[in-house]
Amino acid sequence: MKGSNITIVLLADRKNSQTEKALKGLGYRLVTTFTPDHAVAMCVNNPVDAVILDQEHFIQTEGWSVAQSLKMIRRNLCVLLVVRGKLVGGDLPDGVDAVVPEHDAQALTTTLKQLLKGF
């Protein structure tokens, strides 16, 4: 599956992240944003297939996260979390469909393709 018909919102902590480079190289339509509010707005107003959250932006306040907000907007949206290091605990955070390590482009692309098939 080549990415040309798939739109991904990337919530990144910096411009030209490794994740951004990997996704662009695969031909996905990519919208990069730097704030959770903008990512949510993009999903409300545009046809988006997946959202990739950089760990820095996976913020929980009062038990609620940006991933949960995204799922409220569009239940069938794929939400992938890119982490630095290891995720503590065995369970996925609420609203997140999969977790991949930063700097592992192969894991990112494989996991994203699997998620998109399931939605």
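**Reading a predicted chain, step by step**

Modeller: Let's start at the surface: the chain exposes about 6500 Å², and carbon and sulfur atoms supply 50% of it. Such areas come from the Shrake-Rupley method with a 1.4 Å probe; for residues, only the protein chains shown count as cover. This is a predicted model, where local features need pLDDT of at least 70 and side-chain atom pairs count only at pLDDT 80 or more, while totals for chains, interfaces and linings use all residues. Residues are numbered from 1 along each chain as its sequence is written, and side-chain values use heavy atoms, leaving out hydrogens and water.

Colleague: How many helices and strands are in the chain?

Modeller: Four helices and seven strands. Helices (H or I, at least four residues) and strands (E, at least two) are DSSP runs, numbered from the N terminus. Their order from that end is β-α-β-α-β-β-β-α-β-β-α.

Colleague: Which residues of H4 are buried?

Modeller: First, the general idea: an α-helix has 3.6 residues a turn, so residues three or four places apart point the same way. In H4, the buried ones are Leu 108, Thr 109, Thr 111, Leu 112, Leu 115 and Leu 116. Buried means under 20% relative accessible area, exposed over 50%, and partly exposed in between (1.4 Å probe, protein chains only). Their cover includes strands S1 (7-11), S3 (50-54), S6 (78-83) and S7 (98-101), and helix H1 (18-25).

Colleague: Which residues have the most contacts inside the largest nonpolar core?

Modeller: In soluble globular proteins, nonpolar side chains tend to be buried together. A nonpolar core is a set of buried Ala, Val, Leu, Ile, Met, Phe, Trp, Tyr and Cys residues joined through side-chain atoms within 4.5 Å. The largest one here has 19 residues, and Ile 8, Leu 23, Ile 52, Leu 80, Leu 108 and Leu 112 have the most contacts inside it. H4 gives the largest share of this core, four residues. Leaving aside neighbours within four places in sequence, Leu 23 is in contact (heavy atoms within 4.5 Å) with residues including Ile 8, Ile 52 and Leu 108.

Colleague: Where do the side chains of S7 point?

Modeller: They alternate: Ala 98 and Val 100 point to one face and are buried, while Val 99 and Pro 101 point to the other and are not. S7 also pairs with S6 in the parallel sense over four bridges; strands pair if DSSP finds at least two bridges between them.

Colleague: Is His 103 buried or exposed?

Modeller: Exposed, with a relative accessible area of 60%. His 103 is in the loop between S7 and H4.
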